[in-house]
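Let's take a walk through this fold together. Keep the viewer open and turn things around as we go.

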Amino acid sequence: MGEAIEAGQARNGLSVQTLRRLEYASGGLATASIASMQSVLPWFRRLPADQRASILLIIQAGVANFIVWLSESEAAPRVTAEGFLRAAPKDLSRWMSLRQTVELVRIAIDVFEQQLPELAADDDERAVLTEGILRFGREIAFTAATSYAAAAEARGAWDARLESLIVDGVVRGDAEESLLSRASALGWDQPVAATVLVGNPPSTDPPAVLYEVRSRAARVSRPVLLGVHGSRLVVVLGGMVDATEERDVLLKISEGFGDGPVVAGPTVESLADAHRSAEDALSGLRAVVAWPAAPRPVRSTDLLPERALAGDPGAERQLVEQVMLPLAESSGGLLETVQAYLEVGGVLETCAKTLFVHPNTVRYRLRRVAELTGYNPADPRDALVLQVALKVGRLAQARGLW
């Protein structure tokens with residue numbers, strides 16, 4: 001800085017003597033700025049000593065850069081301000097917000113405006129100094145905002161990458177520890193129930209996909225993790241989805257997907273178990289084409305017959321456990337009755353004649369089937385589930401699986 005002043009050429013009407021006085025006053029300006037910050041800003045007083053010392057060094061660098069700018073006719077204020085901010089600690093944005101940084105710049109500029117004009121030799125130099133302070137302060141504020149914006153973009157890109165890794169881990173069934181540690185880094189509460197939804201993305205623009213899904217999740221006050229895997233959008237929805245709100249919550253989230261079916265897996269207790277929900281949801285998405293009239297969204301458990309026909313062993317196991325085994329282990333001829341009822345096309349009287357029982361007995365047994373399995377043989381969709389379950393169950397029995 002001294003070499004620039006010793007060049008002996010005044011800039012914008014400032015004499016070498018005035019520039020020298022500015023150089024001598026730089027330490028006092030920095031100290032006065034810190035004192036003003038401590039008196040005005042309560043949060044500044046609470047900063048650790050090392051952080052306050054870092055800010056003092058930044059202000060000293062700011063004064064030095066300001067004098068360099070005044071001394072060198074070729075220097076641009078923007079470039080000089082960027083050099084000033086490069087003196088700041090790399091982790092400055094971690095312990096001080098942009099708003100706080102702007103407050104510090106404003107106070108420092110106020111101190112400069114009060115004290116620097118007194119160092120001028122005449123009114124012309126005071127005018128030059130006042131204008132220079134305003135220009136330099138503006139450039140510092142703009143440069144600080146740009147620096148924080150770049151840091152925010154970098155953090156956002158890292159968060160997006162980490163989120164994508166989490167969703168990929170859910171789909172692939174990664175180890176619980178690595179999955180939960182990454183989710184914790186994104187602020188995902190543990191433990192919290194999770195439901196995985198899969199479907200087509202609304203567009204090929206990642207920011208648009210994020211906005212579509214996150215805006216709808218915010219409306220139902222639910223956290224989400226999402227990622228696009230190939231042609232599929234995978235969304236991990238946080239929070240328990242009970243029967244009273246299931247349709248409303250899942251419907252709002254599904255609005256963030258593109259055209260086509262949306263399949264929701266079962267709700268599991270935590271993110272560590274979300275791979276089971278993802279597995280069922282993806283299986284349902286592959287099989288949902290067999291049910292053109294499926295609702296949107298549709299639960300993977302409502303696609304058990306289609307999934308079983310597509311060769312999903314998990315769906316076959318669920319049908320056996322939920323339908324075939326309870327009927328086979330029950331008394332009162334329930335299995336034979338529902339088998340006969342389905343084979344005669346749901347005609348009650350024909351079923352009664354086939355079994356040599358009264359129609360009221362058939363009605364009673366069908367009600368018991370519905371209570372036991374959750375599927376009503378008189379409902380066309382439920383009848384399909386029962387029919388596939390019985391066939392899958394008999395095939396499993398023939399293989400000795402039960």
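A good place to start is strand β3, because 6 of its 7 residues are buried, so the rest of the structure largely encloses it. Keep in mind while you look that this is a predicted model.

Now widen the view to the sheet around β3. It is an open sheet of 5 strands in the order β2-β3-β1-β4-β5, and the pairing is mixed. As a reminder, strands of a sheet pair through backbone hydrogen bonds, and they can do so parallel or antiparallel. On one side, β3 is joined to β2 by 6 bridges, and the two run antiparallel. If you want a landmark there, pick Val-228, whose bridge partner in β3 is Leu-233. β2 and β3 make a hairpin with 2 residues between them, and Gly-230 in that turn has a positive phi of about 65°. β3 also pairs with β1, again in the antiparallel sense, over 6 bridges. Here you can find your way by Leu-197, which has Val-235 of β3 as its bridge partner.

Where does the sheet end? The edge strands are β2 (224-229) and β5 (298-299), each of which pairs on one side only. β5 gets its pairing from β4 (residues 263-264): 2 bridges join them, and this time the strands run parallel. Look for Val-263, which is bridged to Val-298 in β5.

Next, bring in the helices that sit on the sheet. Helix α11 (residues 246-254) packs on it and touches β1 (194-199), β3 (232-238), β4 and β5, with a direction at about 140° to that of β3. Helix α12 (residues 274-287) packs on the sheet too, touching β1, β3 and β4, and its direction makes about 25° with that of β1.

Now head back towards the start of the chain for a helix pair. Helix α2 (residues 16-40) packs against helix α4 (residues 49-71) at an angle of about 150°, and their axes are 9 Å apart. The crossing of α2 past α4 is right-handed. What does the contact consist of? From α2 come residues including Leu-19, Leu-22, Leu-29, Ile-34 and Met-37, while α4 supplies Ile-55, Leu-56, Ile-59 and Val-63, among others. Sorted by class, this contact has 12 nonpolar, 6 polar and 2 charged residues.

While you're in that part of the sequence, look at Trp-43 and Phe-44. They form an aromatic pair, edge-to-face, with 6.1 Å from centre to centre and 80° between the planes. Both Trp-43 and Phe-44 are buried. The structure holds 1 aromatic pair, so to speak your one stop of this kind.

For a last close-up, go to Val-388 in helix α18 (residues 380-398). Is Val-388 buried or exposed? Its relative accessible area is 11%, and since buried means under 20%, Val-388 counts as buried. Leaving aside residues up to four places away in sequence, Val-388 touches Pro-305, Ala-308 and Leu-319. Leu-319 is 69 residues away from Val-388 in sequence, yet their C-alpha atoms are 8.2 Å apart in space.

Finally, zoom out to the whole protein chain. You'll count 18 helices and 5 strands. Of its 402 residues, 46% count as buried. And among contacts between residues at least 6 apart in sequence, 67% join residues at least 24 apart.

Technical notes. Residues numbered from 1 in each chain as written. Predicted model: local features only at pLDDT ≥ 70, side-chain atom pairs only at ≥ 80, totals over all residues. Heavy atoms only, no water. Axes fitted to C-alpha atoms, helices over the stretch in contact; angles between N-to-C directions. Helix = DSSP H or I, 4+ residues; strand = E, 2+ residues; numbered from the N terminus. Left-handed = near helix turned anticlockwise from the far one by under 90°. Contact = heavy atoms within 4.5 Å. Nonpolar A, V, L, I, M, F, W, Y, C, P; charged D, E, K, R; others polar. Pairing = 2+ DSSP bridges. Phe/Tyr/Trp six-rings, centres within 6.5 Å; stacked < 30°, edge-to-face > 60°. Buried < 20%, exposed > 50% of the residue type's maximum accessible area, 1.4 Å probe, protein only.
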